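Let's take a quick tour of a protein model. Have a look at the picture first, then read on.

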Amino acid sequence: MSNNRAGSFIGGLLLGSALGTITGLLMAPRTGRETRRLLKKSADALPELAEDLSTSVQLQADRLSESALRNWDETLLRLKQAIAAGIEASAREQQALKQVTDEEVPADARPLVTTEDRRSQE
């Protein structure tokens with residue numbers, strides 16, 4: 001999470017610096033010639049600034065991608081564990097129900113053909 005904040009801060013800092021420079025040049029009490037010269041210097045620096053910003057954004061995208069991949073792997077592992085626990089609990093419950101049924105139903109009241117027998121005949 002701190003990586004996201006750091007990248008956002010750096011991007012905001014660079015963008016704010018560029019906007020502040022342009023605003024300061026336009027508002028400064030200089031002659032038109034001096035202002036144009038400063039604007040030209042600023043415009044010449046923009047490709048470098050854009051490259052720095054692009055690099056910063058790429059680094060942030062890589063960090064986010066790695067973070068998302070880690071989160072996905074962790075989520076998948078927890079899901080597999082939950083499914084395994086559910087299958088195990090279901091098997092235990094099925095066994096418990098079978099024992100209760102065997103204990104409660106007298107042998108002479110049980111069906112002669114069980115569901116398992118029917119399945120094996122098919």
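How much area does the protein chain expose, and what share of it do carbon and sulfur atoms supply? The protein chain exposes about 10500 Å², with 59% supplied by carbon and sulfur atoms; such areas come from the Shrake-Rupley method with a 1.4 Å probe, and for residues only the protein chains shown count as cover.

A word on the ground rules: this is a predicted model, where local features need pLDDT of at least 70, side-chain atom pairs count only at pLDDT 80 or more, and totals for chains, interfaces and linings use all residues. Residues are numbered from 1 along each chain as its sequence is written, and side-chain values use heavy atoms, leaving out hydrogens and water.

The protein chain has 3 helices and 0 strands (DSSP runs numbered from the N terminus: helices are H or I, at least four residues; strands are E, at least two). Mean pLDDT, the predictor's confidence in each residue from 0 to 100, is 79 for the protein chain. Helix H2 (residues 32–104) scores highest at 85, and helix H3 (residues 115–121) lowest at a mean of 62.

Buried residues make up 7% of the 122 residues (buried is under 20% relative accessible area, exposed over 50%, partly exposed in between; 1.4 Å probe, protein chains only).

The structure holds 2 salt bridges (a side-chain nitrogen of Lys or Arg within 4 Å of a carboxyl oxygen of Asp or Glu):

| Salt bridge | Closest N and O atoms |
|---|---|
| Asp-44 with Lys-40 | 3.5 Å |
| Glu-88 with Arg-92 | 2.8 Å |

Asp-44 and Lys-40 are about one helical turn apart because they sit 4 residues apart in helix H2. Both are exposed.
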